[in-house]
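The exchange below takes up one part of a model, at the request of a colleague at the bench.

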Amino acid sequence: MKKYIIALLGFIPFLGFSQEIHPCGQVHAMDDFFKSHPEERAIAAAAKIELEELTRRYAQNRGGGMTIYTIPVVFHIIHNNGTENIENDQIYDAINVLNRDFRLQNADTMSIVDAFDQLAADIGIEFRLATKDPNGNCTNGITRTVSDLTYVGDGQVKELIMWPRNKYMNVWVCQAANGAAGYTNLPENVAGNWGAANDGIVMRSDYVGSIGTSSNSRSRT
C-alpha cells in the first residue's frame, strides 16, 4: 500500500501564496533518476499502468468497506542548527493535516475541482509517526542529523539516514529541497523493486505543516 501513497503524495497540488513560490519537484526528480537508470523506465511505465487500473477499481467502489491501513512515518530532520531544525509540534501538525485530507475530513471539500470530484473519498489510510525504530527501540518517529546537505536537499540526504522502506515512509526535511517545495519518485510496481534506494519524500522545512516556519497555504505540499 505504501508505494501507492508516495505516488499520491507526489501528485497532490501544492498551494502557496507567498512571494517566493517553490514548485513540486517530482517531475525533475524522476527525470534525474531515469538519466542515471535508463533501464528502469520500462518498469516504471508498467507501474503506471498498474496504478491506473487500481485507481479505476477504486473509483468504482469508492472505498466502501475497506480496511483502515496505518502507515508508520519517520521524519528525518537534516539541519545545520538553523531554522530548518523545526520543532516537533510542526511535524505533529503536518501529520494531522495529512490525515485530515486523506480521510476527507477537510472543511474545503466544496473547492475540489470537477476533474477530481468523483474520486475524492475517505481512502481508509492513516499516517502515524513511528513508535519503534528499526532496532525495536522506542521512538517519536523523528530523527535529527546535522549536515551541510540541508542547504541542497538533493538525493544525497537519503544516504545520511534511511529506515527500511518496507516498514516506514521516510520523509527528509531540509532547508532546501533541490529547488522545489518537495519531491518524490513514482512508486515501483508490485513485482519489481525499482528505485528502492531513492524511495521517500524530501521537503523544505518551511512547507511542513501549517505552523512554525510554515503556513496554512503551504501545508498541503
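Colleague: Could you look closely at the salt bridges, starting with one side chain: is Arg-220 buried or exposed, and what is its relative accessible area?

Modeller: This is a predicted model, in which local features need pLDDT of at least 70 and side-chain atom pairs count only at pLDDT 80 or more, whereas totals for chains, interfaces and linings use all residues. Residues are numbered from 1 along each chain as its sequence is written, and side-chain values use heavy atoms, with hydrogens and water left out.

Arg-220 is buried, with a relative accessible area of 19%, where buried means under 20%, exposed over 50% and partly exposed in between (1.4 Å probe, protein chains only). Its side chain meets that of Asp-101 in a salt bridge at 2.7 Å, N to O, the term standing for a side-chain nitrogen of Lys or Arg within 4 Å of a carboxyl oxygen of Asp or Glu. This pair links distant parts of the chain, 119 residues apart, with Arg-220 in the segment after S6 and Asp-101 in helix H4 (residues 88-102); helices (H or I, at least four residues) and strands (E, at least two) are DSSP runs, numbered from the N terminus. Asp-101 is partly exposed, at 22%, and a network of salt bridges links Arg-100, Asp-101, Asp-108 and Arg-220.

By this rule the count comes to nine salt bridges. Among them is the one between Asp-206 and Arg-218, at 3.2 Å, N to O. Both of these residues lie in the segment after S6, so the pair ties together parts that are twelve residues apart in sequence, and both Asp-206 and Arg-218 are buried.
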